[in-house]
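Please walk me through this model in questions and answers. Keep each answer short and reasoned.

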Amino acid sequence: MFRVGQAAMIASGAALVALAARQRSWPILGAALAGAPLIYRGATGRWPLPQSLVRRASEAVAPAPVETAVTIGRSRAELYAFWRRLKNLPRFMRHLDEVIDLGGGRSHWTGKSPLGFRVEWDAEIVEEREEQLLSWRSLPGSLVHSAGTVLFEDAAAGRGTVVRVSMELVPSGNALGQAVGRVLAPLTEQQVREDLRRFKQLMEAGEIPTTDGQPAGERSLINLHNPL
Amino acid sequence: MKAVCWNGKTDIRVETVPDPEILNPRDAIVRITSTAICGSDIHLYDGYIPTLKKGDILGHEFMGEVVEVGREVDNLRPGDRVVVPFTIACGRCFFCRQGLWSACDNSNPNAWMMQKAYGHAGSGLFGYSHMMGGYAGGQAEYARVPFADVGPLRIPDGLEDEKVLFLSDVFPTGYMAAENCGIQPGDTVAVWGCGPVGLFAIQSAWMLGAGRVIAIDRFPERLLLAQSWGRAEVIGYEEVDGVVATLREMTGGFGPDACIDAVGMEAHGTTVDALYDKAKQSVHLATDRSHALREAIQACRKCGTVSIPGVYGGLLDKVPFGAAFGKGLTLKMGQTHVHRYLRPLLERIVNGEIDPSRIITHRLGLEDAPWGYRTFRDKQDNCIKIVLKPDGNGGARRRSNRGHGGNGQARGEWT
């Protein structure tokens, strides 16, 4: 979104540069040099600095939850029931190893990380409407902040159910959370979309299509032959 | 097992690879008795389809004997003889339930790749790049067949492989191309390309009531077969002064009611646009050479149909869209919904209405695949269709070619 602040930065930056161009004097050149980064920041939302210098400040801001939707040819009741059995979630969510339902709306989640860390947290269900909506989030003090909402709506023309998901998974504020959480977070839109696609495949086809474990001829490490 | 593996552009090798295993409950393993090289395999061979990897097993036209089934496959048993459709479909999604099997939502493990390129993903295909699912293909001794409970067609005893093998792709593809023309009794149908798909499109056009079929190619053996077996009038495009003008003449100025582009992305031509395509494609400035499509659009009568079974992959250059709009054409295209045609076309074979084996010119062992790809691509040795026999029944190359088709079948001249 292009905000007023950004427009103001571009405008003031451009004014300084324009002034420098007209006066052509040394002090004014300084103003031009000051103006250029303002234009850059206004246009891109970033200061023209190495990212390592600015990252510390931006990390305080949690990324927006990832939202995506898919249409599945099964009833709301069937889809809701499968999702509500939380232990089913790792069957289609690739970043999860295990979810144990502890009862009373509480659950224990184990995340998968590429480096072999186990990242665990407890979560609670914050809202539950039978066959319509399920919302959960990690308990305060967890290593990661994880939250999600799934909505089930009847699809038009008898095409089943539209499943809308909003999910976030970000490292919590403390240092350990930052370190551990970063290996699996944040969730990208691509990951969530693929999770949802696998959910659809599982519910419609009864299995998730795969080629893992099929034969192939000799591979090469780098696919020079066809980089695409 | 032995398998035909892609190792780079025009580099095909027969390698020893592990046998396939059941990976999902709806899988089956098939011991392959016959498998063919398809014209669309040539696009892979020439490196025009992205997302292939060194080591990928090719082949999507195959049949054989079921040797193992997953726990959810209750309609097949070891020992059944089956033909396997080249499109992989779950049978349960919105598209499959409408008979639009090649648009299956659930069979492509790499759907995201195709979605990025095309907006939505089509079904998985055997042996046809990772974008199309990355499934190992059927030019091998064995293949794993996903969703085996809805795909493979059981073949009655007594029907030899060669009569039914092409149900896996080229016969249904030619048939769907003709069906997409919406042929009215007596219509004139023009077919660009007398390769296997074009030849089956010609046969199918007659089945669907065409009054006249005109076939366009440049290779004598293909035109001869289109003329003799296909009963088509033929145009050797290197022999005439413009295909579009010739068609206009032949149809009394009307133009064909329907035009079928059974050529696709590697079209050849003798006109300026074809040379331009060739130059651009050779330096990767273009993905497709669309000469045949341009001619089909230009030649088609007003408010007629252009049906495109030929494969296109990317962004086409200089397609006369204005002509298509100006003449109110209908364009129909896409991967074949093979499952839809298996039973009806098997019935036509059983009834003796058609003998698909007529197009076979070469029978080879699996180890001769590299020679086969090259020969088929270059249309050498009068090659029209190659069948590979992984179980060794193909015989040595030199004594095996020359099938029923091609040579000796012609009646009359084609020029």
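The questions below go from confidence to folds, packing, the chain contact and unusual backbone angles.

This is a predicted model, in which local features need pLDDT of at least 70, side-chain atom pairs count only at pLDDT 80 or more, and totals for chains, interfaces and linings use all residues. Residues are numbered from 1 along each chain as its sequence is written, while chains are lettered from A and ligands numbered from 1 in the order in which they are written.

Q: Which helix of chain A has the lowest confidence?
A: The score is pLDDT, the predictor's confidence in each residue, from 0 to 100. Chain A has a mean pLDDT of 79, and 61% of its residues reach 70 or more. Helices and strands are DSSP runs (H or I, at least four residues; E, at least two), numbered from the N terminus. Confidence peaks in helix H4 (residues 76–84) of chain A, at 98, and is lowest, at a mean of 42, in helix H3 (residues 51–58) of chain A.

Q: How many contacts beyond near neighbours in sequence does the stretch 50–61 of chain A have in the model?
A: Two residues are in contact if their C-beta atoms, placed from the backbone, lie within 7 Å. Over residues 50–61 of chain A the pLDDT is below 50. Beyond near neighbours in sequence, the number of contacts for this stretch is two.

Q: What pattern does chain A follow along the sequence?
A: Chain A holds six helices and seven strands. Read along the sequence, the pattern is α-α-α-β-α-β-β-β-β-β-β-α-α.

Q: Is Phe199(A) buried or exposed?
A: A residue is buried if 20 or more other C-beta atoms lie within 10 Å of its own, exposed if 12 or fewer, and partly exposed in between, with C-beta atoms placed from the backbone. Phe199(A) sits in helix H6 (residues 189–205) of chain A. Because it has 24 C-beta neighbours inside 10 Å, Phe199(A) counts as buried.

Q: How are H5(B) and H12(B) oriented?
A: Axes are lines fitted to C-alpha atoms, for helices over the stretch in contact, and angles run from 0 to 180 degrees between N-to-C directions. The axes of helix H5 (residues 170–179) of chain B and helix H12 (residues 338–350) of chain B come within 9 Å and cross at roughly 100°. Angles under 35 degrees count as roughly parallel, over 145 as roughly antiparallel, 65 to 115 as roughly perpendicular and the rest as oblique. So H5(B) to H12(B) is roughly perpendicular.

Q: How many nonpolar residues are in the contact of H5(B) with H12(B)?
A: H5(B) brings Phe171(B), Pro172(B), Tyr175(B) and Met176(B), and H12(B) brings Val338(B), Tyr341(B) and Leu345(B). Ala, Val, Leu, Ile, Met, Phe, Trp, Tyr, Cys and Pro count as nonpolar, Asp, Glu, Lys and Arg as charged, and the others, Gly among them, as polar. No residue of this contact is polar and none is charged; the nonpolar count is seven.

Q: How many residues has the largest nonpolar core?
A: A nonpolar core is a set of buried Ala, Val, Leu, Ile, Met, Phe, Trp, Tyr and Cys residues joined through C-beta atoms within 7 Å. Val30(B), Val189(B) and Ile260(B) are among those with the most contacts inside the largest one. A second, separate core has 27 residues, including Trp109(A) and Met167(A). The residue count of the largest core is 134.

Q: How many residues of H10(B) are buried?
A: Helix H10 (residues 291–299) of chain B is mostly covered. Its cover includes strand S10 (188–192), helix H8 (243–250) and helix H11 (321–326) of chain B. Of its nine residues, the number buried is nine.

Q: How many charged residues are on the side of chain B that touches chain A?
A: The contact takes 26 residues from chain A and 42 residues from chain B. Strand S1 (2–6), strand S2 (12–16) and helix H3 (111–118) of chain B each supply at least two residues of that side. The side of chain B has 19 nonpolar and ten polar residues, and its charged count is 13.

Q: Is Ala157(A) buried or exposed?
A: Phi of Ala157(A) is near 60°, a positive value in a residue other than glycine. Ala157(A) lies in the loop between strand S6 (144–154) and strand S7 (161–171) of chain A. With 6 other C-beta atoms within 10 Å, Ala157(A) is exposed.
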